[in-house]
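Q: Please take a close look at one helix and at what lies around it, for a reader who has not seen this structure before.

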Amino acid sequence: DSRVLGVTASGTCARDLDALTTAFFIMGVNNGIELANNLGVEALFLLNNGTMYATKGFELEKTGQNKI
């Protein structure tokens, strides 16, 4: 069972990003990343098993992580 523990996003308006990260958290990884891509927002999802998923433009320093 892999659940989202947290979501972070980068963009230009903190207020909008706060609302979006809440929505992404509720939507889950696949739907959240799809919405982020459609909106042109970069996002990172951390799951309870330690796995991270990110939009393609989100820079991850650690190798071996997943980008969707």
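A: What follows starts from helix H2 and then turns to its surroundings. This is a predicted model, in which local features need pLDDT of at least 70 and side-chain atom pairs count only at pLDDT 80 or more, while totals for chains, interfaces and linings use all residues. Residues are numbered from 1 along each chain as its sequence is written, and side-chain values use heavy atoms, with hydrogens and water left out.

Helix H2 spans residues 29-39, and its buried residues are Val29, Gly32, Ile33 and Ala36. Buried here means under 20% relative accessible area, exposed means over 50%, and partly exposed is in between, with a 1.4 Å probe and protein chains only; helices (H or I, at least four residues) and strands (E, at least two) are DSSP runs, numbered from the N terminus. These four buried residues lie on the same side of H2, because they cover an arc of only 95 degrees around the axis, the arc being that of the directions from the helix axis to the C-beta atoms. An α-helix has 3.6 residues a turn, so residues three or four places apart point the same way. On the other side of H2, Asn30 and Asn38 are exposed, and just after the helix Gly40 takes a positive phi of about 75 degrees.

The buried residues of H2 pack against strand E1 (4-10), helix H1 (14-27), strand E2 (42-47) and strand E3 (52-54), where contact means heavy atoms within 4.5 Å. Val29 is also among the residues with the most contacts inside the largest nonpolar core, which has 13 residues; such a core is a set of buried Ala, Val, Leu, Ile, Met, Phe, Trp, Tyr and Cys residues joined through side-chain atoms within 4.5 Å. E1, H1, H2 and E2 each supply at least two residues of this core.

As for the strands that H2 packs against, E1 and E2 run antiparallel and are joined by six bridges, given that two strands pair if DSSP finds at least two bridges between them. Within this pairing, Val7 stands opposite Phe45 in E2. E2 and E3 also pair in the antiparallel sense, over three bridges, and here Phe45 stands opposite Tyr53 in E3. E2 and E3 form a hairpin with four residues between them, and Gly50 in the turn has a positive phi of about 90 degrees.
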